[in-house]
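Hi there,

Here is the structure I promised to pass on to you. Have a look first, and then read on for what I found in it.

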Amino acid sequence: MAESTEHTITREEVAHLADLARIDLSDAELDHLAPQLSVILESIASIQGVAGDDVPPTSHTLPLTNVYRDDVVRPGLTAEEALSGAPEVEQQRFKVPRILGEEQ
Amino acid sequence: MSPTSADKRTAAELAAALGAGETSSVEITRAHLDRIAVVDGEVHAFLEVDAEGALRDAAASDERRAAGATYGPLDGVPVAVKDVLATRGLPTTCGSRILEGWVPPYDATVVARLRAGGLPILGKTNMDEFAMGSSTEHSAYGPTHNPWDLDRIPGGSGGGSAAAVAAYEAPFAIGTDTGGSIRQPGAVTGTVGVKPTYGGVSRYGLVSLANSLDQAGPVTRSVLDAALLHEVIGGHDPLDSTSIAQPLPALVDAVRRGADGDLTGVRIGVVKELGGEGYQAGVLARFEESVELMTKAGAEVVEVSCPHFVHALATYYLILPAEASSNLARFDAMRYGLRVTPDDSEKGVPPSAEDVMRATREAGFGDEVKRRIILGTYALSSGYYDAYYGQAQKVRTLVTRDFEAAFEQADVLVSPTAPTTAFTIGEKVDDPLAMYLNDLATIPANLSGVPGISGPSGLADEDGLPAGVQILAPAMADDRVYRVGAALESLLVQEWGGRLLDQAPPLVEEGVQRSSRNQGAPS
């Protein structure tokens, strides 16, 4: 197969993917990661065409069924415990940076 | 016992000594803490040692025993826990800066069961960041060193647990195995590791890497210890919706049945695709000797073919990053963990939550984690989904079908656990593909959820380092891996005249500690 060269990830694509994944990659990291990811991708692209359309996908090895339990009160974390690892707390709540843009 | 001499007794032997009143849990626990104090500067198996908590729990165990009210067969035997399992009141970092200093407000079910069984927890063991790696070099807190040769890797991601057990810092430990992270470290440190059937041990409180693959299990020096520990942590857990609602098979009984070394009537399948090219000669030689020993002990050996196993690595490196990119989205700097607030001088407005997320994840995640998150994000992107992730899910079906066909012909499947012995620290740390190849033989079991054990098969001629043999069985037939594992162990111990670990060079000679190594992060 001579089509292996198409499985590359460009520096721009890595920057876009990092943006989607909410990671601020530095320029040096982009330079470093793009060729590494291309090498990995080229290697794993070999699975294309291995399974025909008639093969069902496996997302999980167990037959998963919804699990219900009775809706009864049981002990849980206190508010203090739940907030114990929070970077910032205010009035027994997680305090977060602004979530809206200026124009919103 | 002098502080520098190791307590080499297995957990089963320690439990027997406790039962006979020959020793106390406090004495045993203190001996292991002393050993940690002496050797862990060199080995760096632990990220956190909880001497106070362990001794308190040991004292409570001794009181229970005096009152004739022990919690179970391992009450009072101390254990180490991989730092990916939540421990109430004890820091849990997953080897990552993003969770540095995080103290969980609850216990993972595995940890709760250790406590309910009366096992004092010595501390938390080192690991590749979020269990991504095969060498423990991707830990943000510096690598763990292989007790057989301190310049070499102890395997990964659970190198800390395996090294702690191999260095006699703990009688046994808990690990987790997503693509081989219990079995491969076991192989390269001369210890025993078991990946249970997926769903056989609760994942509640286990920080997810790839939730359809992750499974916690025992890391020990003997097959019997693994079964004892597995019976403490295993079984249905209503807090984990993927936990199997069936009782565990009788594992300790299976070990006792296998211990006489008789394998008459057992069909052993040698997987054609897990061997040959890419495997070190000494690893293959020891594997073949193990197969020969099992044949002499009455096993019927057949060669089986699992043609899709050659695609297992590629399948894994699509499914794992896809699941990891989703699972690690929870590290968003809002509710726990690191929060980095970027410099906002350019914009003149305070940074938004998204700005904080980006800066935190950039600062808090290491290279390998970033690689896999980006790869997973790519594999799940529209336009690529069918070609990569969708295809990987289909090949996963084919791998499972291969297992099903193979288990028609054989009761268990065997292969070398890892293709090579321990490599040198630094050798592969920036070559992701070379690193991934370590898990060639272990990954198929995770893709299909079947149980597997790795035990030592001997020392490779080339380098005198331990090699491992892997035994796999169908889902929920964990007892089979224990029975055959115990049989092979007793045949090999007979050959060697003791455990393989007895041949490991001493870490501390004449009470003189070697100079402490630089444990700085490699990158």
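To start with a small puzzle: is B:Asp461 buried or exposed? B:Asp461 is exposed, with a relative accessible area of 60%. Here buried means under 20% relative accessible area, exposed over 50%, and partly exposed in between, computed with a 1.4 Å probe on protein chains only.

Some ground rules before we go further. This is a predicted model, in which local features need pLDDT of at least 70 and side-chain atom pairs count only at pLDDT 80 or more, while totals for chains, interfaces and linings use all residues. Residues are numbered from 1 along each chain as its sequence is written, chains are lettered from A and ligands numbered from 1 in the order in which they are written, and side-chain values use heavy atoms, with hydrogens and water left out.

**Salt bridges in chain B**

B:Asp461 has a partner: its side chain meets that of B:Arg286 in a salt bridge of 3.1 Å, N to O. (A salt bridge is a side-chain nitrogen of Lys or Arg within 4 Å of a carboxyl oxygen of Asp or Glu.) The pair links distant parts of the chain, 175 residues apart: B:Arg286 is in helix H9 (residues 281-296) of chain B, and B:Asp461 is in the loop between strand E10 (452-459) and E11 of chain B. Helices (H or I, at least four residues) and strands (E, at least two) are DSSP runs, numbered from the N terminus. Unlike its exposed partner, B:Arg286 counts as buried, at 10% relative accessibility.

A second bridge joins B:Asp430 and B:Arg371, at 3.9 Å from N to O. These two are 59 residues apart, with B:Asp430 in the loop between strand E9 (412-416) and helix H14 (432-436) of chain B, and B:Arg371 in helix H12 (residues 367-379) of chain B. B:Asp430 is partly exposed at 41% relative accessible area, whereas B:Arg371 is buried at 1%. B:Lys370 also forms a salt bridge, with B:Glu362 (3.1 Å, N to O), and both of those residues are buried. Over all chains the count comes to 29 salt bridges.

**Where the two chains meet**

The contact takes 58 residues from chain A and 68 residues from chain B, where contact means heavy atoms within 4.5 Å. The area buried between them is about 5200 Å², of which carbon and sulfur atoms give 64%. Buried area is the accessible area (1.4 Å probe) that two parts lose on being put together, summed over both. In chain A, A:Arg22, A:Ile47 and A:Arg98 lose the most area to chain B, together 13% of what that side buries.

There are 6 salt bridges between chain A and chain B. A:Glu81 forms a salt bridge with B:Arg88, with the closest N and O atoms 3.0 Å apart. A:Arg22 turns up again in a network of salt bridges with A:Asp19, B:Glu354 and B:Arg358.

B:Thr242, in the loop between helix H7 (223-233) and helix H8 (251-258) of chain B, is buried, with a relative accessible area of 7%. Leaving aside its neighbours within four places in sequence, B:Thr242 is in contact with residues including A:His60, A:Leu62 and A:Leu64.

**Helix H3 of chain B**

The 16 residues of H3(B) (residues 51-66) have end C-alpha atoms 22 Å apart, which agrees with the expected span of 22 Å at 1.5 Å a residue; that expected span is 1.5 Å times one less than the number of residues. Its buried residues are B:Gly53, B:Ala54, B:Ala58, B:Ser61 and B:Arg64. They cover an arc of only 130° around the axis, which puts them on the same side of H3(B); the arc is that of the directions from the helix axis to the C-beta atoms. These residues pack against helix H2 (25-43) and strand E3 (121-125) of chain B. The face turned away from the buried side carries the exposed residues B:Glu52, B:Arg56, B:Glu63 and B:Ala66.

**Backbone details**

Most residues other than glycine have a negative phi, and most peptide bonds are trans. B:Ala333 has a positive phi of about 70° although it is not a glycine, and B:Ala333 is buried at 1% relative accessibility. The peptide bond from B:Gly156 to B:Ser157 is cis, with omega near 5°.

Best wishes
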